[in-house]
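Biologist: I should like to ask for a close look at one side chain and its setting. Please begin with that residue and then proceed outward to the rest of the model.

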Amino acid sequence: MSNQFDIAIIGSGPAGISAAGHAAELKLSHVLLEAQKDHFADTIYKYQKGKHVMAEPAILPLRSPLDFAEGTRENILGIWDTQLKKHAVNIRYGSEVAAIKGAKGDFSIVMTDGAEVRAKNIVLSIGLQGNLRKLGVPGENLPTVQYQLDDPAAYEDETIIVVGAGDAGIENALALSKQNRVILINRIDEFFRVKDGNIALILAADKEDKVAIRYSTTVERVDDTPVTETNKFPMMFIANTKTGQESIPCHRIIARLGAIPPRKLVESFGITFPNANMDAVPALTSHYESNVPGIYVVGALGGYPLIKQAMNQGYEAIEYILGNDVEPADEPVPV
């Protein structure tokens with residue numbers, strides 16, 4: 001098995017599989033390195049079961065050898081799986097990258113298990129979801145505090161606090177509310193950067209007492225409380241509200257607070273960031289090339305988290321590596 005390639009793509013999210021698919025259809029020597037042992041697109045793989053995935057922005061054309069249209073998580077992953085096999089994409093699972101050495105034309109990529117591949121160019125598309133934001137308070141690592149929801153149907157007749165009023169938090173709260181008592185914690189007094197459809201659904205659920213929305217509320221800490229004959233709740237959510245501190249007993253907490261770039265790892269590759277802000281993205285050229293010649297950064301890590309944008313950038317990065325001056329199809333994230 002060859003360990004030398006023209007292009008190595010690190011991370012098999014939408015940007016990575018699009019880049020690898022385009023490299024494959026052009027018959028370029030390539031490898032797609034994925035840390036997970038048995039699946040690609042880990043972020044989408046971990047979406048809650050049955051989640052409807054939007055293909056936004058609607059006006060943005062798709063530029064990729066892989067198809068993408070709105071649909072269920074399961075359908076989208078199934079289509080991609082079929083097309084990756086059709087294009088004979090060279091994907092290596094269980095390949096978590098620990099270090100990148102060398103320079104353009106001769107990079108050495110070292111895995112955590114010691115395996116090594118060499119490549120002339122690198123497309124870095126590792127995304128953010130391996131670095132989920134935590135609550136940042138005492139109790140954030142208790143067993144019943146979780147930062148992902150795989151299957152809402154796994155929980156029934158529980159009091160569940162969902163922290164985070166973005167699209168992910170709202171969708172989790174709505175799915176859980178079918179068979180649980182759900183409290184949604186929103187740190188501000190409105191919904192910000194949320195799809196209009198989700199806002200309408202969560203407001204309707206609040207009005208119908210299916211979900212209780214707590215506005216202008218933050219978490220002070222989470223306490224572990226022993227379950228007894230008189231106390232059926234294993235946790236106490238200590239909240240800061242406009243009227244003071246409140247203790248809310250619950251069975252579990254699901255925090256959907258987004259993610260931060262894996263900055264330490266990326267900086268170890270020699271890639272620089274423009275400032276010390278933890279939300280900063282690497283400094284890139286208009287062709288997605290980092291300050292390290294030959295390393296291209298695409299997708300969420302480069303500041304473009306939407307699936308269609310990421311797929312377009314993966315395609316375009318391959319074109320730029322080949323020296324083709326394609327016109328970018330992407331547009332900035334709406335604010």
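Biologist: Does Lys85 count as buried or exposed, and what is its relative accessibility?

Modeller: The model is a predicted one, and what follows should be read as a description of that prediction. Lys85 has a relative accessibility of 60%, and because the cut-off for an exposed residue is over 50%, it counts as exposed.

The side chain of Lys85 has a charged partner. Lys85 forms a salt bridge with Asp81, and the closest N and O atoms of the pair are 3.2 Å apart. Helix 3, which runs over residues 73–86, contains both Lys85 and Asp81. Their separation along the chain is four residues, about one turn of the helix. Asp81 has a relative accessibility of 28%. A value of 28% lies between the limits of 20% and 50%, so Asp81 is classed as partly exposed. The bridge within helix 3 therefore links an exposed lysine, Lys85, to a partly exposed aspartate, Asp81.

This pair belongs to a wider set, for the structure holds 15 salt bridges. Two others may be set beside it. One of them is formed by Arg221 and Asp223, whose closest N and O atoms are 3.1 Å apart. Arg221 is partly exposed at 31% relative accessibility, and Asp223 is likewise partly exposed at 24%. The other joins the side chains of Glu116 and Arg118, with an N to O distance of 3.0 Å. Here Glu116 has a relative accessible area of 34% and is partly exposed, while Arg118, at 28%, is also partly exposed. As for networks, salt bridges with shared partners connect Asp106, Glu116 and Arg118 into one.

A contrast to these side chains is offered by helix 4, which spans residues 167–176 and is mostly covered, with nine of its ten residues buried. The buried set consists of Asp167, Gly169, Ile170, Glu171, Asn172, Ala173, Leu174, Ala175 and Leu176. Charged residues are thus found among the buried positions of this helix, including Asp167 and Glu171. Several elements provide the cover: the buried residues pack against strand 10 (159–163), strand 11 (181–185), strand 12 (211–214), strand 16 (252–255) and helix 5 (196–207).

The packing of helix 4 on helix 5 can be given in geometric terms. Two packed helices are described by the distance between their axes and by the angle between them. For helix 4 and helix 5, the axes come within 10 Å and cross at roughly 40°. That angle is neither under 35 degrees nor within the range of 65 to 115, and the two helices are therefore oblique to each other. The crossing of helix 4 with helix 5 is left-handed. On the helix 4 side, the contact is made by Asp167, Ile170, Glu171, Ala173 and Leu174, and on the helix 5 side by Asn198, Leu201, Ile202 and Ala205. By class, the residues of this contact are six nonpolar, one polar and two charged.

A second helix pair may be described in the same manner. Helix 1 (residues 14–25) and helix 7 (residues 307–321) have axes that come within 7 Å and cross at roughly 35°. Their crossing is right-handed, whereas that of helix 4 and helix 5 is left-handed. Helix 1 contributes Pro14, Ala15, Ser18, Ala19, His22, Ala23 and Glu25, which meet Ile307, Ala310, Met311, Gly314, Tyr315, Ile318 and Glu319 in helix 7. This contact comprises nine nonpolar, three polar and two charged residues.

Ala19, which takes part in that contact, also gives a reference point for helix 2. The C-alpha atom of Ala19 is separated by 17 Å from that of Thr43, and the two residues are 24 apart along the chain. Thr43 lies in helix 2 (residues 42–45) and is partly exposed, with 32% relative accessibility.

Finally, two loop residues deserve attention for their backbone geometry. Ala41, in the loop between strand 2 (30–33) and helix 2, has a positive phi of about 50° although it is not a glycine. Its relative accessible area is 1%, under the 20% limit, so Ala41 is buried. Tyr288, placed in the loop between helix 6 (263–268) and strand 17 (295–297), has a phi near 70°, again a positive value in a residue other than glycine. Tyr288 counts as buried at 8% relative accessibility, in contrast to Lys85, which is exposed at 60%.

Technical notes
Residues are numbered from 1 along each chain as its sequence is written. This is a predicted model: local features need pLDDT of at least 70, side-chain atom pairs count only at pLDDT 80 or more; totals for chains, interfaces and linings use all residues. Side-chain values use heavy atoms; hydrogens and water are left out. Buried means under 20% relative accessible area, exposed over 50%, partly exposed in between (1.4 Å probe, protein chains only). Contact means heavy atoms within 4.5 Å. A salt bridge is a side-chain nitrogen of Lys or Arg within 4 Å of a carboxyl oxygen of Asp or Glu. Axes are lines fitted to C-alpha atoms, for helices over the stretch in contact, and angles run from 0 to 180 degrees between N-to-C directions. Angles under 35 degrees count as roughly parallel, over 145 as roughly antiparallel, 65 to 115 as roughly perpendicular and the rest as oblique. A crossing is left-handed if the near helix is turned anticlockwise from the far one by less than a right angle, and right-handed if clockwise.
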